[in-house]
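Subject: Handing over a structure

Dear colleague,

I am passing a structure on to you, and you will find it just below. After it I have set out what was found, beginning with one residue and then moving outwards.

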Amino acid sequence: MTSPVSIPALAAQLGEEKGALLQRLVDGLEPSALNWLSGYLAGLAARQVPSTGAQPAVVPQATPQATLTILYGTQTGNSRLLAERLKHKAEAAGLAVRTFRASDYPVRELKNERLLYVVISTQGDGDPPDDSRGFFEFVQGKRAPELKQLRYSVLGLGDSSYPKFCEIGRVLDERFAALGATRLVARADCDVDFEPVAEAWIGQALEGARAELGSQSLATVTPLRSVSATPTFSRENPYPSLVLTNQRITGRGALKDVRHLELSLEGSGLTYEPGDALGVLPRNPPDLVSALLSELRLDGATEVTREGRILPLARWLTEELEITRLSRPFLTSHAARANDAELQRLLVPEGAEALRKLLASHQVIDLLRKHPAAWTAEELVGALRRLTPRLYSIASSQKRVGEEVHLTLAVVDYEAFGTRHVGAASSYLATRGASEDTVNVFIEPNERFRLPKDPSRDVIMIGPGTGVAPFRAFVQERAETGASGRNWLFFGEQHFRTQFLYQVEWQEAVKQKTLHRIDLAFSRDQGEKVYVQQRLREKGGELYAWLEGGAHLYVCGDAQRMAPDVEEALLDVIATHGGKSREDAKSHLGALREQHRYLRDVY
């Protein structure tokens, strides 16, 4: 939260008493509340005639006709980042703007919108982000209104490795048109390396908004809150954080190497809340860079230009470009270069499933080894994706650890195609020396994964494996704030002896009564595998009673298998112990989601 403008500055405009009252009113308000309040005050101003000869201030009109509405849906924060960028540029151009997370948007207002921009991602195989499910279902459903007055545009974000690339953006774009809306700017679809496409769309969207709302442009308004207190460090300007601790927390013989990292934020001004993520700018493994250069017979010292920057090829491959994840655009270019019929068959609709499997299992070097083709240094740098930040759920409460941030990460390290493979970020972090190395980081806020505002509410946390990370932060935060609600954790891993992450901390929390229940599932410690979803069903009666008593439910971890399996178990619990049909159980769980009582952070 930024610092308020001084009382004297407000007093000069409003008088001392009213200035102080206004400062008290706005202090601590969320951005959405401030947006609403500005519209309300503007409406009052528009209805009043000034009693003096002074010219009235030019202010935003409270009606949607004069306003650009930006709506975003996000799972990892990229859509929010782009929506906020568009908002700032529109405000700088003198336009009235309001911005909503999709879950916070009042859908009853859609019929009155005149200009709407939607920035939304697609998850997995064509699913909306968790925060957009309600909005997406409304627009797709029978209750959606005619939108003949609406002008709109959609920016979709996705991953071309998946067959239904940017599916949610495409469906919304077509649905708005079917409801009678007019497409002001053509939809754009962004791949993982989203910046170039997104910047072009933002420029066109801004021009379109200025053309639509130009006659209602606004003069610059002095903000009630100072922007000078905004932290200097961000995604664009990451903070070089000193590694304080790098400790393996799985036992000897464990199949997984899981690390607990503690990083310094001293002097950075960075703050975070439980549920937020830490963005890490990784570097690719040196051995992999060397192997790739050797395979292509290229010289790492060769200087290459891309987007106006000149760097040696080895530095491009180490710090700037993605080489541990294979992308469809690169495969497409390589298939043409190699004139390889086998690869080209993957790129037609019938090859979609085989393509998905190949992209999931192969790194760039695997493709080069199996399907050789020549690349120049310039062509290679131009074809590879940008190396993107990796997001890790924060595993600490700042109220407890101060100017530090803690992470829990599993090191990606496996054998494939006869050679060792590692992940870019996890191997980079795992090899950083305590008190020696720094890591470039930034805070990625995650407003959709927050503890209840009411501290008396109970909390149920489901976090197998490293999905337990944010719940360590939750339990710390609830202990530090003295929250009276109960905390119940479901945790699972392969083996109790070697993979019970943070075992001593959980035992101490139970002893201190800051963790009231913990149920465990270790899948490989008995003949029949047991997972957290079985524990949910076993404790179904109590679980349902907690939910009916107002508990908030959180899930964190794997999106592909764990999250769907857990959701199936929750539906079974609601149907069985609530006496509901399957459809009614789905509606009940959907209602919990809309009430922000069923929240997921899955990846």
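S396 counts as buried, because its relative accessibility is 0%, and the cut-off for that word is under 20%. Please keep in mind throughout that this is a predicted model.

As for where S396 sits, its place is in the loop that lies between β12 (390–393) and α15 (398–401). Two polar contacts are worth looking up when you open the model: the side chain of S396 is joined to the side chain of Y272 by a polar contact of 2.9 Å, and the side chain of S396 also reaches the backbone nitrogen of H406, at 3.1 Å. If neighbours within four places in sequence are left aside, the residues in contact with S396 are Y272, V401, E404, V405, H406, R472, A473 and Q476.

A second place to visit is the hairpin that β10 and β11 form, with two residues between them. In its turn, E307 has a positive phi of about 50°. The strands β10 (residues 303–306) and β11 (residues 309–312) run antiparallel and are joined by four bridges, and R306 has R309 in β11 as its bridge partner. In a regular strand, side chains alternate between the two faces of the sheet. Strand β10 follows such an alternation, in that V304 and R306 point to one face and are buried, whereas E303 and T305 point to the other face and are not buried.

Further along the chain there is an open sheet of five strands, whose order is β19-β18-β17-β20-β21 and whose pairing is parallel. Its edge strands, β19 (517–522) and β21 (598–602), each pair on one side only, and neighbouring strands of this sheet are turned against each other by 10° on average, with direction ignored. Within the sheet, β20 (residues 552–557) runs parallel to β21 and is joined to it by five bridges; as one example, V555 has R600 in β21 as its bridge partner.

Finally, some totals for the protein chain as a whole. The chain has 23 helices and 21 strands, and of its 603 residues 50% count as buried. Among contacts between residues at least 6 apart in sequence, 77% join residues that are at least 24 apart. The chain exposes about 28200 Å², of which carbon and sulfur atoms supply 50%.

With best wishes

Note on methods
Residues are numbered from 1 along each chain as its sequence is written. This is a predicted model: local features need pLDDT of at least 70, side-chain atom pairs count only at pLDDT 80 or more; totals for chains, interfaces and linings use all residues. Side-chain values use heavy atoms; hydrogens and water are left out. Two strands pair if DSSP finds at least two bridges between them. Axes are lines fitted to C-alpha atoms, for helices over the stretch in contact, and angles run from 0 to 180 degrees between N-to-C directions. Buried means under 20% relative accessible area, exposed over 50%, partly exposed in between (1.4 Å probe, protein chains only). A polar contact is a pair of N or O atoms within 3.5 Å; within protein, one must be able to donate a hydrogen and the other to accept it, and residues adjacent in sequence count only if both atoms are side-chain atoms. Contact means heavy atoms within 4.5 Å. Accessible areas come from the Shrake-Rupley method with a 1.4 Å probe; for residues, only the protein chains shown count as cover.
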